[in-house]
Structure formats: structure tokens, C-alpha cells
Amino acid sequence: MEAKLSNLSKYLTLWILLAMAGGIILGAAYPQVASILDSVRIEQVSLPIAIGLIWMMYPPLAGVKYEELSKMKRRGKALGASIVQNWFIGPILMFALAWIFLPDLPEYRIGLILIGLARCIAMVLVWNQLAGGDNDLCAVLVAMNSLFQVALYSVLAYVFITVISTWIGGAGAGAVVDISIWQVAKAVFIYLGIPFIAGIVTRSVLVKKRGKEWYDNVFMKKLGPTALVGLLFTIIVMFSLKGEKIVELPLDVVRIAIPLLAYFIIMFGTSFFMSYRLGFNYEQSTTLAFTAASNNFELAIAVAVAVFGIGSGQAFAAVVGPLIEVPVMLGLVHVARWAKVIWFNKKEE
């Protein structure tokens, strides 16, 4: 049976645009909103926003099938390819594109780097189903990437943003931002670690009590969409704080969108072709390609807000991520199905 995209996911780009507009209107009508939100803070982030960011991460992490990790040994070749695609090619490609297209805009550049390091654990399940990928393999890869992000995200962020960017120097040398591993690690612990632990506990307890069928098809159907509330809340607040710069924002969105668009297309094409050449079938190649090309924009937004602030350029760039990713991924679903006819069906004849 062919998977269908829910209206909530199908129109995610529209919801994000409406949230941006709502934030602008809110900021113009009630300029005092910033001081109200900042009255109670947790690690540089206001309490309401912190709660929204944690909730934004919790539903997708509660939906990860951690028990699928037991199947890793049987998926050795696919796991090896995925690790190379997700943790070597992806971050390096986004880093290169960020420096090529945004050498004069360090805040946006760092926001893109944060997106490149955040591997997808939620929406990739949707794209994979729509394209007819291998759902079991996708579950294993999502579980693996969840663990890798907890272990590697803060280290890689420090290496790419502080260490390697300093080496590049040149015109952007004065724009390099020094962040410590500890700064990012704290944000990762709060906004990834807490919902990660909560997700594991939730799944473990409820699956034992009610079974996988109920958990995946009843509980997660209700819990999953609530993550959008945290995302849209964060976007509304962010844009309410950017009222004075709103005239510049359309051009800024275009500047950020160009490397993002290039990233999604290059990453998908490279991963799909690489998987095909390695001898994987269509379902496996599709899963590997979408897993590599998709990103965990919720984590990128949470870390950018926690480390750089809700009104920062880094956070703004992270928000543009899903704005571009959703329509592009929908288009790539059709590309994958076209490739199935051109490459795989002919190969089987």
C-alpha cells in the first residue's frame, strides 16, 4: 500500500510561513514580548522557549524504534554506507557550501553547519515511506543516528565551527565564532539528551504495557504531530524579536536557501548513486539516500537558540532549513520513483 502524507506534514512549509508572519505581527503589536519571555531563564534560554524546544524533540525521539538496533549486525554493509554518507560526506558538504555561499555572513554560515551536523530522525521516515523505501532498514538507521548524535554532535560542532573555520581564515577570519565543546554539549544534553532519555523510557514502558502495535499506530499518531507545536512556537517567538530587521529578511532567506537547496539535491543524488553502485536494491538505495539527505532541523534550531540566542542569525538560518527541506524532499520522492523505473526496473529485466 502506498504511503500518504498527512495534511500536517504536507503543508509544513505553509505552517512555517504562517508562523513567521504571526511572529512579525506579534512583535509589532506587542514589543514587550521579549522581556516577558526572558523573565525566567534556563541556560541562557527563557523557560517557555526551553520547554517548547524540548517538546519539539521529544515526540520524534519517542517514536524511534530503538529495539531495531539489534538488527544492526545483519545490516553491516548498509550501516557502513550510511555512516560514511551521514557522518562524513554530509557534514563536510554542508560546511563547504556554507563557506562558498555565505563567506560574508558568519551567523547564517554557522546555522547551516549546525543543520549539516544534525542527521534526520523523524521526517525521513515519512519521505522513505512515500518513496517506497525499506522501512526496516530506515528504522535501524534512525535509531543508530539518534545514538550517534548524542555522542558526536557537540564534538563535530566544535571541530567544524571553531577549529576548521579558524584554519580557513581569509576574508571570513574575523567572522569566526569560537564556541567550546562544553557550550554545545550543555545544549545537546538539555535539548537532545533529556527528550532522548524520555523517549527511550516512554517507548520501553508503554510497549511493554500495551504492545508495539498500539504504541506505533495509536499513541504515536497522537503524540507525533504535537512536535509541530514546539517548532511553530519557537518560530513565532523568533520572528517577533526580528521586527526591526524584517525588511532585510526576504533577501536573507534567499541567501540561506541557495546552499540548502544545493545540499539537499547533491546529498540525495550522491548517496543514491553511491548506494546503487554498491549493489543495493531500490528500496535500500532509497532509504540510504533519504536518510543522508534529510536533517534534524529541530536539533539544529534547539542548539542554535541555546548557544547563540533566540534572535540570532544562527537560529534564523536553522529555521529556514525545514522551510526549504520539506518541498525539496517531496520533489525528491518523485525523483526516486523515476530512478526506480530508469535504473532498477531495467536492471531486473
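This is a short tour of salt bridges and one serine contact in a predicted model.

**Stop 1: Arg203 and Glu67**

Select Arg203 and Glu67. Their side chains form a salt bridge, with N to O at 2.7 Å. Now colour by helix. Arg203 belongs to helix H9, residues 181-210. Glu67 sits in the loop between helix H4 (47-62) and helix H5 (76-101). The two residues are 136 apart in the chain, so the pair links distant parts of it.

Turn on the surface. Is Arg203 buried or exposed? Arg203 is buried, because its relative accessible area is 3% and the cut-off for buried is under 20%. Glu67 has 28% relative accessibility, so Glu67 counts as partly exposed.

**Stop 2: Arg203 again, with Asp216**

Keep Arg203 selected and add Asp216. This is another salt bridge, with the closest N and O atoms 3.0 Å apart. Asp216 lies in helix H10, residues 212-223. Arg203 in helix H9 and Asp216 are 13 residues apart.

**Stop 3: the network**

Which residues are linked with Arg203 in a network of salt bridges? Add Lys212 to the selection, and keep Glu67 and Asp216 on screen. Glu67, Arg203, Lys212 and Asp216 are joined in that network.

**Stop 4: Arg255 and Asp104**

Clear the selection. Pick Arg255 and Asp104. Their side chains meet in a salt bridge at 2.9 Å, N to O. Arg255 is in helix H12, residues 249-277. Asp104 is in the loop between H5 and helix H6 (106-117). This pair also links distant parts of the chain, with the two positions 151 residues apart in numbering.

Check the surface here too. Arg255 has 26% relative accessibility, which means that Arg255 is partly exposed. Asp104 is partly exposed as well, because its relative accessibility is 49% and exposed requires over 50%.

How many salt bridges does the model hold by this rule? The count comes to four.

**Stop 5: Ser312**

Go to Ser312. Where is Ser312 placed? Ser312 is in the loop between helix H14 (297-308) and helix H15 (313-348). Ser312 counts as buried because its relative accessibility is 8%.

Show the backbone of Gly309 alongside the side chain of Ser312. A polar atom of the Ser312 side chain lies 2.7 Å from the backbone oxygen of Gly309. End the tour here.

Technical notes:
Residues numbered from 1 in each chain as written. Predicted model: local features only at pLDDT ≥ 70, side-chain atom pairs only at ≥ 80, totals over all residues. Heavy atoms only, no water. Helix = DSSP H or I, 4+ residues; strand = E, 2+ residues; numbered from the N terminus. Buried < 20%, exposed > 50% of the residue type's maximum accessible area, 1.4 Å probe, protein only. Polar contact = N/O pair within 3.5 Å; in protein donor to acceptor, adjacent residues only side chain to side chain.
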